[in-house]
Amino acid sequence: MLSTVVSRRKFLKATAAASSTILAGLSLSSLSIQPAAALPPPKPKLVMGQKIPSVCPYCAVGCTVIGTVVDGRVVDISPDLEAPHTEGTLCSKGQASILLLPQFNPYRLRTPLMRTNPKKGENEDPMWRPITWEEAFEIIIKKYEEIYREWEAKKSWLDAKGNYLIPGGRNLDDPDKQYQLHPRALPIARISTDYLSNEEAYLGRKLAMLMGTNNCDIEARRCHSTTVAGLADVYGFGAMTNSSIDLQNAKITLNIGSNHAEQHPEAFKFTMKSIEKGAKLLVFDPRFGRTASKAHMFAWFRPGTEAAIILGIINYAIKNGLYDREFLKTRTDAPLHFETKEFLEDWETNPNSIFSKYKEHVSRFTPEEVERITGVPAYKFLQMAAEFTDPKNRPGQIVWCIGATQHTCGTQIIRAIGQLQLILGNVGQPGGGANVLRGISNVQGSNDMNHLMHIWLGYRRVPGALGERERLPGGAEADIRRYQKYKNLLKQGKSAAEIAKELGIAWVGDLRHYASWREAEMHWGIFIGTYPEDDPDNGVVISDVPVEPGLTTIEYFREMEAGRIKFIILQGMNPVVSVGNASQVIRGLSNPNVFVVVMDLFLSETAHFADIVLPAASKYETSGSVTNTGHTIQWRHRLQDNSKVVDPFDPQRRRFTEIKSDLWFIDQLFKRLRKRGLIVLPSERFAKDRGIPISELRKLSNGKNIDELWDYRPPDKRVGPSIDDLTTEPEPFEVSKEIDKTVRIYRGIVGPNGENRMAERNKSFMDEYTQKFQIYKFWGWAWPDNQRNLYDPKEPVDKRGLGVLGRTFFKPDGRATFFSSFYARRGRGFPGYYEPAESPDKELVKQYPPLVGDHPYFKELGIEPPKGYHPGNKFEAGMVIGTVEEGFDVILTSFRLTEHQHTGILTRTIPWLAEMMPELFVEISPSHAARLGVKTGDKVKIVSKRNLNDPVIAKVLVTNRVRPLVINGKLRDVAAIAWAYGFAGPHRQLNAISNKLFPDAMDEETGMPETKVALVRIEKV
Ligand code: SF4
């Protein structure tokens, strides 16, 4: 941190204003005073300030900022001139971010609040009463205790065979009810925002598991879960392959499903640099946005049909021999036999090769078929396909965002994108790659910490959530018995290869799950295994972490409405505005039998339904690590300690002592629940029931239990047991040290001498290669192994890492995959095209059925639902779908604005931003406007089948940015609506939650709601 001198301009201004007030009414001449102009100018009073680096709290470009702090109070936030991925600029949100601080923002929550009106609803006044944190904890814990004791009375941890296991949440016992909570699961859930630091997300996930639930989700569910699932299926890791700096090295960029210039302006700077060097930019978008305005070629298309475009380009490349033979041969499964997986020398022509099968699979996506599905004219499609696949334009990259992910077939779209880059040999090198841009500052990191329902510890499955390769009958019980055998074999000194063979695990890499469970046993003080340990086949199975996956965000609100989830903690997320079928979310939150705790910076739309609201610190008021969209982890230093800052808006001039960090809340909640007997592990119950010393089950942690190991106090403040200490704040870096030990992909974030590598700010290069491609390996730390361009074997190895991950595809034979045995079970061994849930065309539905279990057309057309749709995509589960025949004849998509961050609650509360984009608007084409009889500025009423009696009201912007498209021979109107508005905060607007219009039908694999395509009816108000 640096020291600097700053002028106290505001102080001087105030002094001048005060002097002029005193002198008003008196003539200078009467006082024989010389005019001020004749006096020497006042000498400015200067004070010493401290410059502290931090990271912009908004999007995942992760721009570094420098905070200037005077007397413990932030007085300025400026762009960091040093940061290689920022280069001294910030977008409008970053520039205005100082106004998030409570001394500048009267709308920040300052104290816990309790609802006094028991009635919940959009139009009910919660009648908040300020309370203390002690009161808040007492109310929360009392309510939790009621629910817990009721659950406990049923002895829910014992399964029918006498094993000590708590189901994580999902009802796997009944395939037809998989979307429902398991009868033995705790009826609780927690959701967090992706703004949480890695340390907060890690500890939040740990807390949920110790509480006994896998109903643990994060905002990433609805923004990039399909990216993670899709890319992991093809490459091994679910991360952006390159970095935002590397966007400048591309010779061509294909942008689909992202208005990059608007949403990630500081990253777009690097795309513009590539253009300055002669690169091309191609954009497919349902709406002509700012990115399109810089494109060399642009095409409008129907939202939700991205897979048809990508598969069409793949077909074009294969048909015209434009694929990268060498790359396909050496780095993918294309040359392997479709069944035996043997290498075939004649793979290009052999009908049994994966390549030949794939070629046949994509052959149906001719330019004409792409036009029929997407609305992109065949000639335009051909021009763009030819440009992107032209060998002279390599390496090329594909950039996408939530336009491509939020679909019922989102995972299939992303698989196709990953595979197009394989076809062209564009992966594993600078300037290439599959470059997904994340929207929230720590989407990547909170995913990596797996604040999710089926994985933990850096993409390790929870017991029983078995993947395709390790599948074994018997679910969680069998999984844990096998894990006990793994531990026993390790004890015998067997090698990993020997253990895998003995356990019947085909790929030794699949032992990574068990290796991580063991690390959790050591560092958390838990037990997973059998008792006795030397009888894994017959012993009692015990798991201190919940087994089987939990439910996902959409399902929570359905379960809340049904009264099956009774308690929910939401840290930061605003699902009332961000989740599809928002009316259903509201119904869930409004159930009087559900206790809702919300921790946030502002009284958001979601907080409106809470029983208790807690004031959270912004990310400038805490420290911790944050992983940007390019998987580089930076350390965010705390700029301001709120307990030292006086509230200028409070007449009593109190300090902001009630605003607390999310980490502090998680730490407090664990300690308080544990001390109240509301966190009891299955192993503890087992030991008590059988009269066995608990140390018998704590051998891996040297006898230490969770109370002793949950100690994140600074080392010099560790006085007495941590569990009894409610006054010392947790130190985030102490959590990082545990992450370094338990989350293997993050290994290396802490150096051997305890140094914080995430805080490194060194711009030197390792060698010519890193200099040529601007790979700053000493700026922060990237996972895995500090590899900046994933799968690039030429990138220099950073010897400070393990040196084994990130250079090859993380697959059994190191080959990226076209064929997926996992999706083959659902008939999708290769990614296909599927209509959106709300399709405007019956014929297309028949040909490409949407991935839902029920559809109004299915019965009429006499077709069976496709295999493997998400179990919650059924009418019985709560899904609602409309059709053109019912009058929903406009295809609607949504878009974001630079000035607003997602739901808008972090920007509508900032006047500089709110004034620039003050209210909801919908863009419609001139021809559509003429038919509706509206002009720009008029208001329209918009309904889908989900909000018939609760229309969204928006101002119209008549523009050529959107246009009607010919889909399967019929002209269809397309409109686009912003989604950053709602009824909370200073710029509140009624009837402005756009996501009331969009469906909650979900992606088959991840539960991502389809919030990018809806069929709606638009009428003049
Ligand atoms: S581009 Fe993203 S990280 Fe950078 S200043 Fe803007 S919002 Fe912040």
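1. Two strands are taken to pair if DSSP finds at least two bridges between them, and helices (H or I, at least four residues) and strands (E, at least two) are DSSP runs numbered from the N terminus. On that basis Gly 624 stands opposite Arg 636 in β22. The strands concerned, β21 and β22 (residues 632-636), run antiparallel and are joined by 4 bridges. They form a hairpin with 4 residues between them, and in the turn His 631 has a positive phi of about 55°.

2. The model is a predicted one, in which local features need pLDDT of at least 70 and side-chain atom pairs count only at pLDDT 80 or more, whereas totals for chains, interfaces and linings use all residues. Residues are numbered from 1 along each chain as its sequence is written, and side-chain values use heavy atoms, with hydrogens and water left out.

3. In a regular strand the side chains alternate between the two faces of the sheet. In β21 (residues 624-627), Gly 624 and Val 626 point one way while Ser 625 and Thr 627 point the other way, and all are buried, that is, under 20% relative accessible area, with exposed meaning over 50% and partly exposed in between (1.4 Å probe, protein chains only).

4. Thr 627 also appears among the contacts of Asp 448, a residue of helix α15 (residues 443-448). Asp 448 counts as buried because its relative accessibility is 0%. Contact means heavy atoms within 4.5 Å, and, with residues up to four places away in sequence not counted, Asp 448 touches Gly 458, Tyr 459, Thr 627, Val 743, Ile 745, Tyr 746 and Trp 783.

5. For the ligand, a residue is near if one of its heavy atoms lies within 4 Å, and the surrounding residues are Cys 56, Tyr 58, Cys 59, Gly 62, Cys 63, Leu 90, Cys 91, Lys 93, Gly 94, Pro 265 and Glu 266. By class the shell has 7 nonpolar, 2 polar and 2 charged residues, where Ala, Val, Leu, Ile, Met, Phe, Trp, Tyr, Cys and Pro count as nonpolar, Asp, Glu, Lys and Arg as charged, and the others, Gly among them, as polar. Helices α2 (92-96) and α7 (265-276) each supply at least two residues of this shell.

6. Which residues touch the most other members of the largest nonpolar core? A core here is a set of buried Ala, Val, Leu, Ile, Met, Phe, Trp, Tyr and Cys residues joined through side-chain atoms within 4.5 Å; in the largest, of 225 residues, they are Tyr 235, Phe 284, Ile 423, Trp 456, Trp 524 and Ile 526. Helix α8 (residues 306-319) gives the largest share of this core, 10 residues. A second, separate core of 32 residues includes Leu 570, Val 585, Phe 609 and Ile 993.

7. Helix α14 (residues 410-423) has 14 residues, and its end C-alpha atoms are 20 Å apart, which agrees with the 20 Å expected at 1.5 Å a residue, the expected span being 1.5 Å times one less than the number of residues. All 14 of its 14 residues are buried, and the helix is followed by Gly 425, whose phi is positive, near 65°.

8. Helix α4 (residues 198-211) is likewise mostly covered, with 14 of its 14 residues buried, and Gly 212, with a positive phi near 105°, follows α4.

9. Strand β26 (residues 939-943) is joined to β27 (residues 952-958) by 4 bridges in an antiparallel arrangement, with Lys 941 partnered by Ile 953. β26 also pairs with β30 (residues 1014-1020) in the antiparallel sense over 4 bridges, where Ile 1018 is the bridge partner of Ile 942.
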